[in-house]
Amino acid sequence: MSPMRERTLALTGTVSGALGAIAYIGTSAWVPHAVAVLLALATVTLLARAWGERGFARLCDARRSGSGLHAVAGDEREAGVREAGDRAAAERAAEEPAAVEPAGAVPGAVPGAVPGAVGAAGAVGVAFVLLARLELLSSIDPGWIAATLICAAAVSRAFAAVAVIGMPAGDRREGLPALIVPLAFGLLPAVALVAWSGEMATVAKACVTALIAAAVARRFARRRLARERDAALGAIQQVAEIGFLAGLLAGLPVAFDPHAGS
């Protein structure tokens, strides 16, 4: 992802969140509440091509693949293994005729491997974040859901863009705009939500919990996805969005109380 796209990520989140809000408003009068929320979340997710979910799956699978926690501790051992493997591969290549790769094959990929395949840990992690977002959003007062979809998408993307600053990214040049621009685009919908609702403390609590969640996710992403900035960006965004929804729910009335009347 280019630096410009990272800086305007919160703006694209605002647009996708607004389309999700339109999907919720347009369906809530015709289908059950939970189904309308599910359709809204599906709209936001599919518009982003499940970018955040793919990043979170990569974060969950990183330890299994050895590219994160254990890679740091075993750099020297793995370097020796790679060097020996490279020598053996060079000797085999000199002895065997070059094989013709099928069309569309990824250079250097393991034969038979599926590019971008999600492991068991990644699948479980994605299921968790999807269910968490669905449950949290369904529990929020219906009158807040449309605005919450917009703010959660914008704020979480803004904090994710800020969180990846300083992570390895080749020759990218990052300065003050990388901090100011995402926060400006991300916090503007939150300010509008405060102006609309008058619930400054509630919205502030949601932003703080999103920020804390992003900071925690960044710690794991730096250790497991040190060389995969885009995946880290998506993973942090998912955790920050859950944090925002949880913080907002803590300050708002619950939409449905299963114990009411019992």
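Which residue's side chain meets that of Arg58 in a salt bridge? I began my notebook with this pair, keeping in mind that the model is predicted.

**Entry 1: Arg58 and its partner**

I looked up Arg58 and found that its side chain forms a salt bridge with the side chain of Glu228, at 2.9 Å from N to O. Arg58 sits in helix α4, whereas Glu228 belongs to the loop between α10 (200-224) and α11 (229-251), and since the two are 170 residues apart, the pair links distant parts of the chain. I then checked how open each one is: Arg58 has a relative accessible area of 23% and is partly exposed, and Glu228, with 25%, is also partly exposed. As a reminder to myself, side chains of opposite charge can pair when their charged atoms come close.

**Entry 2: Arg133 and two glutamates**

I counted the salt bridges next, and the structure holds 4 of them. One of these joins the side chains of Arg133 and Glu53, with 2.6 Å from N to O. Here again distant parts of the chain are linked, for Arg133 lies in helix α7 (residues 120-139) and Glu53 in helix α4 (residues 51-65), 80 residues apart. Are Arg133 and Glu53 buried or exposed? I noted that both Arg133 and Glu53 are buried.

Arg133 also meets the side chain of Glu241 in a salt bridge, this time at 3.3 Å from N to O. Because Arg133 is in helix α7 and Glu241 in helix α11, this pair ties together parts that are 108 residues apart in sequence. Glu241 is buried, as Arg133 is. Through shared partners, the salt bridges join Glu53, Arg133 and Glu241 into one network.

**Entry 3: the largest pocket**

I turned from the salt bridges to the open spaces, and wrote down that the largest pocket holds about 480 Å³ of space. It is lined by 17 residues, of which Met1, Arg5, Leu9, Ala48 and Trp51 are the closest to its centre.

Which helix gives the most to the lining of the largest pocket? I found that α2 does, with 5 residues. Helices α2 (9-27), α4 and α11 each supply at least two residues of this lining. When I sorted the lining by class, I obtained 8 nonpolar, 4 polar and 5 charged residues.

**Entry 4: looking back**

Reading my entries together, I see that helix α4 recurs: Arg58, the partner of Glu228, lies in α4, Glu53, a partner of Arg133, lies in α4 too, and α4 supplies at least two residues to the lining of the largest pocket.

Terms used
Residues are numbered from 1 along each chain as its sequence is written. This is a predicted model: local features need pLDDT of at least 70, side-chain atom pairs count only at pLDDT 80 or more; totals for chains, interfaces and linings use all residues. Side-chain values use heavy atoms; hydrogens and water are left out. Helices (H or I, at least four residues) and strands (E, at least two) are DSSP runs, numbered from the N terminus. Buried means under 20% relative accessible area, exposed over 50%, partly exposed in between (1.4 Å probe, protein chains only). On a 1 Å grid over the protein atoms alone, a cavity is a set of points where a 1.4 Å probe fits but cannot get out, and a pocket is an open set with protein on both sides within 12 Å along at least five of seven lines; lining residues have an atom within 4 Å of a point. Grid points are joined across faces, edges and corners, and a volume is the space filled by probe spheres set on the points. Ala, Val, Leu, Ile, Met, Phe, Trp, Tyr, Cys and Pro count as nonpolar, Asp, Glu, Lys and Arg as charged, and the others, Gly among them, as polar.
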